[in-house]
Structures are given as C-alpha cells and as structure tokens.
Amino acid sequence: LIHVAMRGWTGSGIGPGHQSEGSVPPGAPARAANLLCAAFGAGAAALVFATVVEWNTGRRLPEASQLGGVVAAALFSFSPLAWEYHTGAEVFALNNFLVALLLYLTARVAPGGGGKH
C-alpha cells in the first residue's frame, strides 16, 4: 500500500498513462492515505498543545501555558521526522497521534498535573 501510495504521490509511474509529476487524481487511494496521515499529524500537534496547556493549568501564568503549548506544537510539527511522516503515506503518523493521546490522558490524571482528581 505504501509503495502504491508513494507512486501515486510522486507521479513516478511506469508505462503509458502514468500520472504527471505531483498529480494525484481525486479519489485515488494515494490521496486518501496522504490526507489521513496529514489529519493524524494535525491531531498529534493539537494533542501536544493540549497536553502542555493541561499540564500547566492552575499555575501562575495561564498565558505562558498557552504560549508554551503553541511553541511545543510548532517544534513538534516542524521537526524533520514529524514533517516527513505527516506529509506522506506513513504508518508513523498514526503512531505519533496515539502517543500524543496517551501523553494527554496521562497529563489529565497525573497528580501534580492539570487534571481534575
């Protein structure tokens, strides 16, 4: 599936009728796989933001908590590996989303975190 998706994404098909460079027809499995990975990547970044904000809830500077969440999400999103995994059809985008969800849930229930007990 990854090989087929990447062939569709890069347009490096072999033989007559292959797609032009960078062109993926609407409804193609490659487009769906790439959009799904992008959605998981966006969800992971949102969860990183929410985790930082949740962990710092009730602390002195709530504005700093939000700013810290934005910085953490941006650093995560634009790191080279996360960018590579979230812009192509890779299984790591789902993994990143699930790990970010686990960290968020941990911050919600951990003593000393921002969670409600």
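Let's start with V70: at 47% relative accessibility, this residue counts as partly exposed. That label covers values between the other two classes, where buried means under 20% relative accessible area and exposed means over 50%, computed with a 1.4 Å probe and protein chains only. V70 sits in helix α3, which covers residues 62-77. Its C-alpha atom is 8.8 Å from that of V52, and the two residues are 18 apart along the chain.

Before we go on, a word about what you are looking at. This is a predicted model, in which local features need pLDDT of at least 70, side-chain atom pairs count only at pLDDT 80 or more, and totals for chains, interfaces and linings use all residues. Residues are numbered from 1 along each chain as its sequence is written, and side-chain values use heavy atoms, with hydrogens and water left out.

Now the overall picture. How many helices and strands does the protein have? There are five helices and zero strands, so reading from the N terminus you get α-α-α-α-α. Here helices are DSSP runs of H or I with at least four residues, strands are runs of E with at least two, and both are numbered from the N terminus. Of the 117 residues in the protein, 30% are buried. The protein exposes about 7,500 Å², and carbon and sulfur atoms supply 71% of that area. Those accessible areas come from the Shrake-Rupley method with a 1.4 Å probe, and for residues only the protein chains shown count as cover.

What about contacts, meaning heavy atoms within 4.5 Å? Among contacts between residues at least 6 apart in sequence, 57% join residues at least 24 apart.

Let's turn to a pair of helices. Two packed helices are described by the angle between their axes and the distance between the axes. Helix α2, residues 29-55, packs with helix α5, residues 92-109, at an angle of about 20°, and their axes are 8 Å apart. The axes are lines fitted to C-alpha atoms, for helices over the stretch in contact, and the angles run from 0 to 180 degrees between N-to-C directions. So are α2 and α5 roughly parallel or roughly antiparallel? They are roughly parallel, because angles under 35 degrees get that name, while over 145 is roughly antiparallel, 65 to 115 is roughly perpendicular and the rest is oblique.

Which residues of α2 and α5 meet? On the α2 side they include F40, L47 and W55, and on the α5 side they include F97, L101 and Y104. By class, this contact has 15 nonpolar, three polar and two charged residues. For the classes, Ala, Val, Leu, Ile, Met, Phe, Trp, Tyr, Cys and Pro count as nonpolar, Asp, Glu, Lys and Arg as charged, and the others, Gly among them, as polar.

One residue of α2 to look at is C37. At 7% relative accessibility, C37 is buried. Leaving aside neighbours within four places in sequence, C37 is in contact with Y85, H86, G88, A89, E90 and A93. C37 and H86 are 49 residues apart in sequence, yet 5.4 Å apart from C-alpha to C-alpha.

Back in helix α3, we find S65. Is S65 buried or exposed? S65 is buried, with 6% relative accessibility. Not counting residues up to four places away in sequence, S65 touches V52, V53 and N56.

Last stop: L105, in helix α5. L105 is partly exposed at 46% relative accessible area. Its C-alpha atom and that of E54 are separated by 9.6 Å, with their positions 51 residues apart along the chain as the sequence separation. Thanks for listening!

Definitions and conventions: Contact means heavy atoms within 4.5 Å.
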